[in-house]
Amino acid sequence: MSDRLVLVKEYIKAHEGLRLKVYKDSLGKKTIGYGHLIKIGENYTTITLEQANQIFEEDFQEHYEQAKRFPGFNKLPFQKQTVIIDMCFNMGEFYHKWPKFTKYMSEGNYKAAAEEIRYSKYAKQVKIRAKNNIDLLLK
């Protein structure tokens, strides 16, 4: 795995935090570990750090694949790719529902994309995470 993906994973883990017991996320959904949304059939109540890391790796791969489908992802600079991966980890394949943001990113208009985040419901829900992603877009 590249050093860059290690950095992306650490960035996401810092945003998600680690909880070894089930908790409810900002939308009231049962979650555990590094922001793992508990799916039907999963019966977690507590997990170990090792389990949290294993679950995170599986979740990261799923969301990284989603991010790679973002229009023009491979042409984006690393910091901008990091934002897309982080947002996919947090919201899934969000970009179909956020056409202006997607358009601005594909055009390289990162300032306008950052403004789309700044005044969004997403920013109100995740606050610091959104600010960090805005900062990366503007670097």
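Start at glycine 17, which follows α1 and has a positive phi, near 75°. The model is predicted.

**Helix α1**

Step back from glycine 17 and select α1, residues 3–16. Check the distance between its end C-alpha atoms: they are 20 Å apart. At 1.5 Å a residue, 14 residues should span 20 Å, so the helix agrees with expectation.

Now colour the buried positions of α1. They are Leu5, Val8, Lys9, Tyr11, Ile12, Lys13, His15 and Glu16. What do the buried residues of α1 pack against? Show β1, α2, α3 and α7, and the partners are on screen.

Stay with lysine 13 and add tyrosine 34. The charged end of lysine 13 sits over the ring of tyrosine 34, 4.7 Å from the ring centre.

**The hairpin**

Select residues 19–24 for β1 and residues 30–33 for β2. The two strands pair in the antiparallel sense, over three bridges. Pick tyrosine 23; its bridge partner in β2 is threonine 31. The strands form a hairpin, with five residues between them. In the turn, click glycine 28: its phi is positive, about 85°.

**Aromatic pairs**

Twelve aromatic pairs are counted in the model. Take phenylalanine 56 and phenylalanine 89 from among them. Their ring centres are 5.4 Å apart and their planes meet at 40°, so the pair is tilted: stacked would need under 30 degrees, edge-to-face over 60. This pair links distant parts of the chain, 33 residues apart. Phenylalanine 56 belongs to helix α2 (residues 49–68), and phenylalanine 89 to helix α3 (residues 78–91). Are these two rings buried or exposed? Phenylalanine 56 is buried, at 1% relative accessible area. Phenylalanine 89 is buried too, at 5%.

Next, select tryptophan 98 and phenylalanine 101. They form another tilted pair, 5.2 Å centre to centre with 35° between the planes. Tryptophan 98 has a relative accessible area of 13% and is buried. Phenylalanine 101 is buried as well, at 0%.

Widen the selection to Phe70, Phe94, Tyr95 and Tyr122. With Trp98 and Phe101, these residues form one aromatic cluster.

**The nonpolar core**

Keep Phe70, Phe94 and Phe101 on screen and add Ile84, Met105, Ile117 and Leu137. Which residues touch the most other members of the largest nonpolar core? These seven do, in a core of 39 residues.

Zoom in on phenylalanine 94. Leaving aside residues up to four places away in sequence, phenylalanine 94 touches Phe70, Ile84, Met87, Cys88 and Phe101.

Now bring back the helices as ribbons. Each of α1, α2, α3, α4 (99–107), α5 (110–118), α6 (121–126) and α7 (128–138) supplies at least two residues of this core.

**Two lysines to finish**

Select lysine 80 and tyrosine 110. Lysine 80 lies over the face of tyrosine 110, at 5.0 Å from the ring centre.

Last stop: lysine 127, in the loop between α6 and α7. What is notable about the phi of lysine 127? It is positive, near 40°, in a residue other than glycine. Lysine 127 is exposed, with a relative accessible area of 56%, because exposed means over 50%.

Note on methods. Residues are numbered from 1 along each chain as its sequence is written. This is a predicted model: local features need pLDDT of at least 70, side-chain atom pairs count only at pLDDT 80 or more; totals for chains, interfaces and linings use all residues. Side-chain values use heavy atoms; hydrogens and water are left out. Rings of Phe, Tyr and Trp (its six-membered ring) pair if their centres lie within 6.5 Å; planes under 30 degrees apart count as stacked, over 60 as edge-to-face and the rest as tilted. Helices (H or I, at least four residues) and strands (E, at least two) are DSSP runs, numbered from the N terminus. Buried means under 20% relative accessible area, exposed over 50%, partly exposed in between (1.4 Å probe, protein chains only). A charge sits over a ring if NZ of Lys or CZ of Arg is within 6 Å of the ring centre and within 35 degrees of the ring normal. A nonpolar core is a set of buried Ala, Val, Leu, Ile, Met, Phe, Trp, Tyr and Cys residues joined through side-chain atoms within 4.5 Å. Contact means heavy atoms within 4.5 Å. Two strands pair if DSSP finds at least two bridges between them. The expected span of a helix is 1.5 Å times one less than its number of residues.
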